[in-house]
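Me: I would like to go through a protein model slowly, one question at a time. Please show it first, and then we can begin.

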Amino acid sequence: MFIKQPSGQILLMVEGYTMSKYYTSSDGSQIQWRCSCWKSKNCRVSVYTTPEGVVNYLKGQHSRTAPAYHITKEGKYVSVTFIPSGAWTIS
Ligand SMILES: [Zn+2]
């Protein structure tokens, strides 16, 4: 599932974790994503997907439990743990 932030950045959500795009292979067939807590929580999880967002494989283990997300009535994702003011929209 993709999530589009107000800034226009696309995130990938896998099992409740958000991933930011890190690398696209030269032929465009594979995209690597890194966990959003890569820097802040020293989490070393990367996910490889097709351009459509189908997960090929997941590497590593998260250093924290999945953040709690609420979906508001307007269909926005709001993280209640690490982006208190963030209103996230579905792409
Ligand atoms: Zn993580």
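Me: Leaving aside neighbours within four places in sequence, which residues is Cys 35 in contact with?
Reply: The model is a predicted one, in which local features need pLDDT of at least 70, side-chain atom pairs count only at pLDDT 80 or more, and totals for chains, interfaces and linings use all residues. Residues are numbered from 1 along each chain as its sequence is written. Two residues are in contact if their C-beta atoms, placed from the backbone, lie within 7 Å. With neighbours within four places in sequence set aside, the contacts of Cys 35 are Tyr 17, Met 19, Cys 43, Val 45 and His 62.

Me: Which element gives the most residues to the largest nonpolar core?
Reply: A nonpolar core is a set of buried Ala, Val, Leu, Ile, Met, Phe, Trp, Tyr and Cys residues joined through C-beta atoms within 7 Å, and a residue is buried if 20 or more other C-beta atoms lie within 10 Å of its own, exposed if 12 or fewer, and partly exposed in between, with C-beta atoms placed from the backbone. The largest nonpolar core holds 8 residues in all, namely Leu 11, Leu 12, Tyr 17, Met 19, Ile 31, Trp 33, Cys 35 and Val 47. Two or more of these residues come from each of β2, β3 and β4, and the element that gives the most, with 3 residues, is β4.

Me: How many helices and how many strands are there in the protein?
Reply: Helices (H or I, at least four residues) and strands (E, at least two) are DSSP runs, numbered from the N terminus. Read from the N terminus on, the elements run β-β-β-β-β-β-β-β-β. The count is therefore 0 helices and 9 strands.

Me: Which residue in the turn between β1 and β2 has a positive phi?
Reply: Two strands pair if DSSP finds at least two bridges between them, and β1 (residues 2–4) pairs with β2 (residues 10–14) in the antiparallel sense over 3 bridges. One of the facing pairs is Phe 2 with its bridge partner Leu 12 in β2. The two strands form a hairpin with 5 residues between them, and the turn residue with a positive phi, of about 100 degrees, is Gly 8.

Me: In the hairpin of β2 and β3, which residue takes a positive phi?
Reply: β2 and β3 (residues 17–24) run antiparallel and are joined by 4 bridges, with Met 13 standing opposite Thr 18 in β3. Their hairpin has 2 residues between the strands, and a positive phi near 50 degrees is taken by Glu 15.

Me: Is Ser 20 buried or partly exposed?
Reply: Ser 20 has its place in strand β3, and, not counting residues up to four places away in sequence, Ser 20 touches Leu 11, Trp 33, Arg 34 and Ser 36. Because 14 other C-beta atoms lie within 10 Å, Ser 20 is partly exposed.

Me: Along strand β5, which side chains point to one face and are buried?
Reply: β5 (residues 46–49) has side chains that alternate, and this strand pairs in the antiparallel sense over 4 bridges with β4 (residues 31–35). Ser 46, which stands opposite Arg 34, points to one face together with Tyr 48, and neither of them is buried. The side chains that point to the other face and are buried are those of Val 47 and Thr 49.

Me: Which residue in the turn between β5 and β6 has a positive phi?
Reply: β5 and β6 pair in the antiparallel sense over 4 bridges, and the bridge partner of Ser 46 in β6 is Lys 59. The hairpin they form has 5 residues between the strands, and the turn residue with a positive phi of about 95 degrees is Gly 53.

Me: Is Tyr 57 buried or exposed?
Reply: Tyr 57 is found in strand β6, and its C-alpha atom is separated by 5.9 Å from that of Val 47, 10 residues apart along the chain. Because 8 other C-beta atoms lie within 10 Å, Tyr 57 is exposed.

Me: Over which residues is the pLDDT below 50?
Reply: pLDDT is the predictor's confidence in each residue, from 0 to 100, and the mean for the protein is 79, with 78% of its residues reaching 70 or more. The stretch where the pLDDT is below 50, which has 22 contacts in the model beyond near neighbours in sequence, is residues 81–91.
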